[in-house]
Amino acid sequence: MKRIALLFSLILFLGISSFAQKMGGFGGELSVLSLKPNLIMWVSKVTGFEIFGGIASELGDFKPNDLEAGFKFLHSIQYDRTDRTYFGIMGKWKWININDATQKTNLPIPGILIGKEWYSKRINRKGFAVELGYQYGTRNYGPLKETVNFTEFPFILNLRYTFYKRK
């Protein structure tokens, strides 16, 4: 009898997130120095993944001639039917054009963030999110006498708009 009660308790507590709303969607994200399309997948009420890629610029050079791509792991700490608060870790890779199209370098950038997303549950499901966080990335490039230092803008401020489809 104790085994059945223990098994029932485990199924109940571990299976709660499987009854939650599972959603996937696509959209766009506007950051301080970049514009990128993204795909997001909430596999449970508390766990989500996002992949993104797009054009970016550097802090010292505001021409959008760089590329970046990355991945986010998101964990919800508060969930309602109309909004969600989450935190996450991010890893992205940025390809930087130095002086012209012939000189390039790349830069790995890890980061942490916290976000808030609001949903519209009408006929078309839409979401609007604001993310704040910190990221770090620096790279020295060039010969010893002419070293160029690239530093990623340390603060994350993302505005995201997503079109969702329920699974």
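Reader: Happy to start with burial: what share of the 167 residues of the protein chain counts as buried?
Author: A residue is called buried when its relative accessible area is under 20%. This is a predicted model, and the protein chain in it has 167 residues. By that cut-off, the share that counts as buried is 36%.

Reader: Thanks! Which pattern does the protein chain follow along the sequence?
Author: The protein chain holds 1 helix and 10 strands. Read along the sequence, the helix is followed by the strands, giving α-β-β-β-β-β-β-β-β-β-β.

Reader: How much of the contacts with a separation of 6 or more comes from residues 24 or more positions apart?
Author: Contact here means heavy atoms within 4.5 Å. Among contacts in the protein chain with a separation of 6 or more, the share from residues 24 or more positions apart is 52%.

Reader: Let's go inside. Which elements give two or more residues to the largest nonpolar core?
Author: In soluble globular proteins, nonpolar side chains tend to be buried together. The largest nonpolar core here has 12 residues, including M23, I40, W42, F52 and L74. The elements that supply two or more of its residues are β2 (34–42), β5 (83–97), β6 (104–120) and β10 (155–166).

Reader: And how many residues are in the second, separate core?
Author: Among the members of this second core are I96, I98, L107 and I109. Its residue count is 5.

Reader: W42 caught my eye. Why does W42 count as buried?
Author: W42 lies in strand β2 and belongs to the largest nonpolar core. Leaving aside neighbours within four places in sequence, W42 is in contact with residues including M23, L74, Y86, Y119 and Y164. Buried means under 20% relative accessible area, and W42 counts as buried because its relative accessibility is 0%.

Reader: What distance separates the C-alpha atoms of W42 and G24?
Author: Along the chain, W42 and G24 are 18 residues apart. In space, their C-alpha atoms are separated by 6.0 Å.

Reader: Now for empty space: what volume lies in the largest cavity?
Author: Rolling a probe the size of a water molecule over the atoms shows where empty space is left. The count comes to 1 cavity of 30 Å³ or more. The space in the largest cavity is about 110 Å³.

Reader: Lastly, how do the residues lining the largest cavity divide into nonpolar, polar and charged?
Author: The lining has 18 residues, and S31, S34, K92, Q135 and E152 lie nearest the centre of the cavity. Elements giving two or more residues to this lining are β2, β3 (47–56), β5 and β10. The lining divides into 8 nonpolar, 4 polar and 6 charged.

Conventions:
Residues are numbered from 1 along each chain as its sequence is written. This is a predicted model: local features need pLDDT of at least 70, side-chain atom pairs count only at pLDDT 80 or more; totals for chains, interfaces and linings use all residues. Side-chain values use heavy atoms; hydrogens and water are left out. Helices (H or I, at least four residues) and strands (E, at least two) are DSSP runs, numbered from the N terminus. Buried means under 20% relative accessible area, exposed over 50%, partly exposed in between (1.4 Å probe, protein chains only). A nonpolar core is a set of buried Ala, Val, Leu, Ile, Met, Phe, Trp, Tyr and Cys residues joined through side-chain atoms within 4.5 Å. On a 1 Å grid over the protein atoms alone, a cavity is a set of points where a 1.4 Å probe fits but cannot get out, and a pocket is an open set with protein on both sides within 12 Å along at least five of seven lines; lining residues have an atom within 4 Å of a point. Grid points are joined across faces, edges and corners, and a volume is the space filled by probe spheres set on the points. Ala, Val, Leu, Ile, Met, Phe, Trp, Tyr, Cys and Pro count as nonpolar, Asp, Glu, Lys and Arg as charged, and the others, Gly among them, as polar.
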